[in-house]
Amino acid sequence: MIFTSVNEFYGFSLIESIGNSTPVITVKKGSFLELNDKACGMFIDIDDHDETLRFLESLTQIKQKEYFKLCQSAFQSADKKFNIEKNVNDFILNMKNEKWK
């Protein structure tokens, strides 16, 4: 999935993509810097048209094994950062710990 918007508010579509094991390509701006990482995606500089063209051409040469590794890493990254059950449990645990301080 390629995200070139520089005005994305938070990046819910990026989270949905990596949660479905889809590697992402994003711009180096805004929330994408926080949400994307090299383990599950790639960054492009859309202000440099030559670099962007070379990058897009290089995608045609990506090996299947490398692509599947990115897919797996995308899902693992989403599960680690955005797993609702884990996050709710962590929140409850933190609230309990705060209560007893």
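Residues count as exposed when their relative accessible area is over 50%, as buried when it is under 20%, and as partly exposed in between. The views below are taken from a predicted model.

**Figure 1. E34 in helix α2.** The view is centred on E34, which lies in helix α2. E34 has a relative accessible area of 57%; this value is over the 50% cut-off, so E34 is exposed. A second residue, K69, is included for scale: E34 and K69 are 35 residues apart in sequence, and their C-alpha atoms are 21 Å apart in space.

**Figure 2. L35 in helix α2 and its surroundings.** L35 belongs to helix α2, which spans residues 31-35. The relative accessibility of L35 is 1%, so L35 counts as buried. With residues up to four places away in sequence set aside, L35 touches Y10, G11, L14, I15, K81 and F82. One of these contacts, K81, is 46 residues from L35 along the chain, while the C-alpha atoms of L35 and K81 are separated by 8.8 Å. Within helix α2, L35 is thus buried at 1%, whereas E34 is exposed at 57%.

**Figure 3. Packing of helix α1 against helix α4.** Helix α1 covers residues 12-19 and helix α4 covers residues 64-82. The two helices pack with their axes 7 Å apart and at an angle of about 120°. Because of this angle, α1 is oblique to α4. On the α1 side the contact is made by I15, I18 and G19. On the α4 side the contributing residues are A74, F75, S77, A78 and F82. Of the residues in this contact, six are nonpolar, two are polar and none is charged. I15 and F82, which take part in the contact of α1 with α4, are also among the residues touched by L35.

**Figure 4. T26 in strand β2.** T26 is found in strand β2, residues 24-27. Its relative accessibility is 0%, and T26 therefore counts as buried. Apart from neighbours within four places in sequence, T26 is in contact with F3, L14, F32, N36, M42, F43 and I44. Among these, L14 is also touched by L35, and N36 is also touched by G41.

**Figure 5. G41 in strand β3.** Strand β3 runs over residues 41-44 and contains G41. G41 has a relative accessible area of 3%, so G41 is buried. Not counting residues up to four places away in sequence, G41 touches V24, N36 and L70. M1 is included in the view: M1 and G41 are 40 residues apart along the chain, and 9.1 Å separates their C-alpha atoms.

**Figure 6. T52 in helix α3.** T52 is placed in helix α3, residues 49-59. The relative accessible area of T52 is 13%, and T52 is therefore buried. When residues up to four places away in sequence are left out, T52 touches I44, D45 and I46. I44 is also one of the contacts of T26.

**Figure 7. The salt bridge between K86 and D90.** A search of the whole structure finds one salt bridge. In the bridge between K86 and D90, the closest N and O atoms are 2.9 Å apart. Both residues are in helix α5, residues 84-99; they are four residues apart, so about one helical turn separates K86 from D90. K86 is partly exposed, with a relative accessibility of 39%. D90 is also partly exposed, with a relative accessibility of 32%.

**Figure 8. The aromatic pair of Y67 and F68.** One aromatic pair is counted. The pair is formed by Y67 and F68, whose ring centres are 5.9 Å apart. The planes are at 55° to each other, and the pair is tilted. Y67 counts as partly exposed at 37% relative accessibility. F68 counts as partly exposed at 46% relative accessibility.

**Figure 9. S21 in the loop between α1 and β2.** S21 lies in the loop that connects α1 and β2. Phi of S21 is near 60°, which is a positive value in a residue other than glycine. Most residues other than glycine have a negative phi. S21 has a relative accessible area of 27%, so S21 is partly exposed.

Methods
Residues are numbered from 1 along each chain as its sequence is written. This is a predicted model: local features need pLDDT of at least 70, side-chain atom pairs count only at pLDDT 80 or more; totals for chains, interfaces and linings use all residues. Side-chain values use heavy atoms; hydrogens and water are left out. Axes are lines fitted to C-alpha atoms, for helices over the stretch in contact, and angles run from 0 to 180 degrees between N-to-C directions. Angles under 35 degrees count as roughly parallel, over 145 as roughly antiparallel, 65 to 115 as roughly perpendicular and the rest as oblique. Contact means heavy atoms within 4.5 Å. Ala, Val, Leu, Ile, Met, Phe, Trp, Tyr, Cys and Pro count as nonpolar, Asp, Glu, Lys and Arg as charged, and the others, Gly among them, as polar. A salt bridge is a side-chain nitrogen of Lys or Arg within 4 Å of a carboxyl oxygen of Asp or Glu. Buried means under 20% relative accessible area, exposed over 50%, partly exposed in between (1.4 Å probe, protein chains only). Rings of Phe, Tyr and Trp (its six-membered ring) pair if their centres lie within 6.5 Å; planes under 30 degrees apart count as stacked, over 60 as edge-to-face and the rest as tilted.
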